[in-house]
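Work through the exercises below with the sequence and the 3D view side by side. Try each task on your own before you read its solution.

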Amino acid sequence: MAISWTRHRFSGGALALDAANTVVHRGDPARSFDRFERAEELPRFAAAATGYRAAELGARKLSVADIRSALPKVLAIREATDRLFRNAVRRGAVATADMPELLGACAGALAGHDEHLRLPGQPFGDPATPLQLEAALAVSALSLLSPDSVRRLRICPNCNWLFVDRSRNASRLWCDMAVCGNRQKAKRHYRRRKAEEVPHA
């Protein structure tokens, strides 16, 4: 069954984190599953990300030219991104021991591409030409290594997704208030109601 790539699935705040979050309930073997288990989801993810990450991509369209070739590169970046930045949130800093895996995955994804990034108004290169998903993920992941981005990284206490807190006072708790925030509010409300129903001695 095809996945509905809704706005909530892009609540990581950066393309590389959105990809890392395609493993749902990461760390919970009983509930965890991979949205890229079916490789044909890659171009569908890329198409949705083109819209939801337009600001980050400088309106450049993402493409997947060869699914079989792209999948291992995408998965390598996804896993290295998750490991490095999840550890960075827990430790409060990036560990150099985690960097070779990410840098190697990014180098593999960028090999063979001839892009010119960070031109004025074109953070991901010329918006007139499509950009391969694996190259975009590499650039996005590397951009998160800046001290300000690392300082703003969070792990959602409801779904365990990684996200960048871009709020003014860096006080965001949930990856998506409309989904995870409301679910936690509903759980708290349910627990309070149940507690009130318990007869007092």
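**Exercise 1.** Does E41 count as buried or exposed, and what is its relative accessibility?

*Solution.* Start with the nature of the model, which is predicted, so that local features need pLDDT of at least 70, side-chain atom pairs count only at pLDDT 80 or more, and totals for chains, interfaces and linings use all residues. Residues are numbered from 1 along each chain as its sequence is written, and side-chain values use heavy atoms, with hydrogens and water left out. Next, recall the classes: buried means under 20% relative accessible area, exposed means over 50%, and partly exposed lies in between (1.4 Å probe, protein chains only). E41 has a relative accessibility of 1%, and therefore counts as buried.

**Exercise 2.** Which residue does E41 meet in a salt bridge, and where do the two partners lie?

*Solution.* A salt bridge is a side-chain nitrogen of Lys or Arg within 4 Å of a carboxyl oxygen of Asp or Glu. The partner of E41 is R44, with 2.8 Å from N to O. Both residues belong to helix α2 (residues 41-52), where they are 3 residues apart, about one turn of the helix; helices (H or I, at least four residues) and strands (E, at least two) are DSSP runs, numbered from the N terminus. R44, at 36% relative accessibility, is partly exposed.

**Exercise 3.** How many salt bridges does the structure hold, and which parts does the pair R26 and D82 tie together?

*Solution.* The count is 17 salt bridges. In one of them, the side chains of R26 and D82 meet at 3.2 Å, N to O. R26 sits in the loop between β1 (23-24) and β2 (33-34), while D82 sits in helix α4 (residues 67-91), so the bridge ties together parts that are 56 residues apart in sequence. R26 is buried, with a relative accessible area of 15%, and D82 is buried too, at 5%.

**Exercise 4.** How many disulfides are there, and why does C175 not bond to the closest cysteine sulfur?

*Solution.* First take the rule, by which a disulfide is a pair of cysteine sulfur atoms within 2.5 Å. Then look at C175: the closest cysteine sulfur belongs to C159 and is 3.7 Å away, which is too far for a bond. C175 itself is buried, with 3% relative accessibility, and C106 is buried at 2%. By the rule, the count comes to 0 disulfides.
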